[in-house]
Amino acid sequence: MELKKSYKGFVIWLIAFLAVMIGTVFLPIEDYELMTRITYNIPAIFVSLLAFIILKTENVYWYNGISFEQAVAAGSLRRREYAGRHFKRFKIFSDVFLLFSIVAQSLGFSHWIDFAVLFGGIIAVAISTVKIEL
């Protein structure tokens with residue numbers, strides 16, 4: 001696969017993310033805790049979606065610290081492996097967070113616990129990807 005430098009897919013992803021976040025305002029849900037949990041799950045899912053898009057397009061230069069030139073020089077196989085390792089970590093986190101949110105909603109936990117798990121988890125997963133090399 002020949003890599004062409006473009007951020008078009010990233011911009012489309014960002015617009016879709018913002019549209020979905022704004023769209024949650026119009027959901028006919030009156031339960032504040034449930035609405036908050038839905039809103040918290042969107043970033044977790046969309047970060048996984050972005051990692052999946054990077055995996056499929058091999059646009060690993062969208063990740064911080066990788067230049068377009070480095071991505072081209074690495075070759076397709078290494079780009080896919082690199083992107084795949086990122087996707088796997090973010091996908092596991094978004095799946096676990098969704099399950100956690102369902103359990104937390106069922107047990108009546110405060111949404112602040114979800115908030116801490118979401119941001120702590122995303123930061124931890126992002127830091128864990130630092131050691132992945134192209």
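**Exercise 1.** In this predicted model, decide whether Phe 17 is buried or exposed.

Solution. Phe 17 has a relative accessible area of 17%. Buried means under 20%, so Phe 17 is buried.

**Exercise 2.** Apply the cut-off to Trp 13, and state where Trp 13 and Phe 17 lie.

Solution. The relative accessible area of Trp 13 is 10%. This value is under 20%, so Trp 13 is buried. Both Trp 13 and Phe 17 belong to helix H1 (residues 8-23). They are four residues apart, about one turn of the helix.

**Exercise 3.** Count the aromatic pairs in the whole structure, then classify the pair of Trp 13 and Phe 17.

Solution. The search of the whole structure gives 14 aromatic pairs. For Trp 13 and Phe 17, the ring centres are 5.7 Å apart and the planes are at 5 degrees. Planes under 30 degrees apart count as stacked, so this pair is stacked. Trp 13 and Phe 17 also belong to one aromatic cluster with Phe 10, Phe 46 and Trp 62.

**Exercise 4.** Classify the pair of Tyr 40 and Phe 115, locate both residues in the chain, and give the accessibility of Tyr 40 and of Phe 115.

Solution. The ring centres of Tyr 40 and Phe 115 are 5.9 Å apart, with the planes at 50 degrees, so the pair is tilted. Tyr 40 is in helix H2 (residues 32-57) and Phe 115 in helix H5 (residues 111-128). With these positions 75 residues apart, the pair links distant parts of the chain. Tyr 40 has 13% relative accessibility and counts as buried. Phe 115, at 34%, counts as partly exposed.

Note on methods
Residues are numbered from 1 along each chain as its sequence is written. This is a predicted model: local features need pLDDT of at least 70, side-chain atom pairs count only at pLDDT 80 or more; totals for chains, interfaces and linings use all residues. Side-chain values use heavy atoms; hydrogens and water are left out. Rings of Phe, Tyr and Trp (its six-membered ring) pair if their centres lie within 6.5 Å; planes under 30 degrees apart count as stacked, over 60 as edge-to-face and the rest as tilted. Helices (H or I, at least four residues) and strands (E, at least two) are DSSP runs, numbered from the N terminus. Buried means under 20% relative accessible area, exposed over 50%, partly exposed in between (1.4 Å probe, protein chains only).
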